[in-house]
Amino acid sequence: MIAAGAEPIKLHIPGEEYFATNEDFLAMERLPERIVLVGGGYIASEFSHIAARAGAQVTILQRGERMLTHFEPDLVGWLMDKFGEIGVDVRLRTTVQAIEKKGAGFVVRASSESGDTTFEADLVVHAAGRAPALDALDLETGGIATENGRLKLNEHLQSVSNPAVYAAGDAAQKGPPLTPVSSHDGKVVAANLLEGNRHTPDYRGVPSVAFTVPPIAAVGLSEDEARQQGLKFQTKSQKASDWFTARQAAEKTYGFKVMVEDDTGRILGAHLVGPHADEVINLFALAIRHDLTADNLKTTMFAYPTGASDIGYML
């Protein structure tokens, strides 16, 4: 079984060797004063909140139009106010062109619509995405086919060119790149090795969380995905800064968006930002994976005052 994980993608820019990885960042005993994070996803968002609260001067350089593209744009917008509040300087539509060594630090050269800019930093962190870590493996000798940097697998997570080989997790890149998915894939592969190809992965209702402060979470379809599929549904969305869950945590960033299918009452997608979002999203994941309806959740009595006790008002 290939389970080699993922590694930072190559950006093919001068000075790329000066990047620190996410593992390098987490292994540091002391944070430097000035940190530049290149990218706008989970790593950049989470690390910026850690570093800024520890007193570092943090800049994020994101090539795209917005941060955290895997989450609902309006909820990300509410969360971006928090980035500004803690002093994180987010530069969108900014592309890094080169990293240069300067004394004990670095100079990051970038371009944007307003022109070329330079940023001085003591640490430059790669947060621009990861890809399956396959380069160190001699896949050709093993007769293991790839396509566009990914293993070619069938629905059983088995190599299409070498039936003795399976893959799981980030190396397989079949499901979302999340830790629980790796464990799930591993169980599927083990069962297929022992029992024959009788099992396929089930990625319904896999929740995703960016552990900013407060966290942002999602499960199921986005609103755009639901519309593209032609589904008929009702959307309930609100920034709920005045709800008790937000007030007791002294946290203004709190809100949700939930889509419920018209005919069936199925929850198509749930999107949360604010205190306890990282836990409450698991209940929506349970509902989606096991076909519980909005009424099933609304008629459940949750302990009060917990984050889950708000679910009935979100539906």
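This is a tour of selected residues, strands and helices in a predicted model.

**Stop 1: the sheet**

Start by selecting strands β12, β13, β14, β15 and β16. They form an open sheet of five strands with antiparallel pairing, in the order β12-β13-β16-β15-β14. The edges are β12 and β14 (233-239), and each of these strands pairs on one side only. From one strand to the next, the twist averages 5 degrees.

Now restrict the selection to β13, residues 216-220, and β16, residues 267-273. These two strands pair in the antiparallel sense over five bridges. For one position in this pairing, pick Ile216, which stands opposite Val273 in β16.

**Stop 2: Ser208 on the edge strand**

Go to β12, residues 208-210, and select Ser208, which has its place in that strand. Is Ser208 buried or exposed? Ser208 counts as buried because its relative accessibility is 11%, and the cut-off for buried is under 20%.

Show side chains here. Those of Ser208 and Tyr42 are joined by a polar contact of 2.4 Å. Leaving aside neighbours within four places in sequence, the residues in contact with Ser208 are Tyr42, Phe71, Leu178, Ile216, Ala217 and Ala218.

**Stop 3: Phe71 in the loop**

From Ser208, move to Phe71, one of its contacts. Phe71 sits in the loop between β3 (57-61) and α3. Its relative accessible area is 3%, so Phe71 is buried.

Which residues surround it? Beyond neighbours within four places in sequence, Phe71 is in contact with Tyr42, Arg66 and Val76, with Ser208, Val209 and Ala210, and with Ile216, Ala217 and Ala218. For a distance across the model, select the C-alpha atoms of Phe71 and Gln238: they are 167 residues apart along the chain and separated by 15 Å.

**Stop 4: helix α3**

Select α3, residues 73-85. This helix lies across β13, β14, β15 (255-261) and β16, and runs at about 170 degrees to β15.

**Stop 5: helix α7**

Next select α7, residues 277-289, which lies across β12, β13, β15 and β16. Its direction is at about 180 degrees to that of β16. The helix has 13 residues and reaches 18 Å from its first C-alpha to its last, close to the 18 Å expected at 1.5 Å a residue.

Colour the buried residues of α7: Ala277, Val280, Ile281, Phe284, Ala285, Ala287 and Ile288. Why do they lie on the same side of α7? They cover an arc of only 160 degrees around the axis, which puts them there. Among the elements that cover these buried residues are β12, β13, β15 and β16, together with α8 (294-298) and α9 (311-314). Just after the helix, stop at Asp291, which takes a positive phi of about 60 degrees.

**Stop 6: Ala110 in β6**

Finish at strand β6, residues 105-112, and pick Ala110 within it. Ala110 has a relative accessible area of 3% and is therefore buried.

Display its surroundings. Apart from neighbours within four places in sequence, Ala110 is in contact with Leu61, with Thr94, Thr95, Val96 and Gln97, and with Gly115, Asp116, Thr117 and Phe119. How far apart are Ala110 and Leu61 in space, C-alpha to C-alpha? The distance is 8.3 Å, and the two residues are 49 residues apart in sequence.

Note on methods
Residues numbered from 1 in each chain as written. Predicted model: local features only at pLDDT ≥ 70, side-chain atom pairs only at ≥ 80, totals over all residues. Heavy atoms only, no water. Helix = DSSP H or I, 4+ residues; strand = E, 2+ residues; numbered from the N terminus. Buried < 20%, exposed > 50% of the residue type's maximum accessible area, 1.4 Å probe, protein only. Polar contact = N/O pair within 3.5 Å; in protein donor to acceptor, adjacent residues only side chain to side chain. Contact = heavy atoms within 4.5 Å. Pairing = 2+ DSSP bridges. Axes fitted to C-alpha atoms, helices over the stretch in contact; angles between N-to-C directions. Expected span 1.5 Å × (residues − 1). Arc of directions from axis to C-beta.
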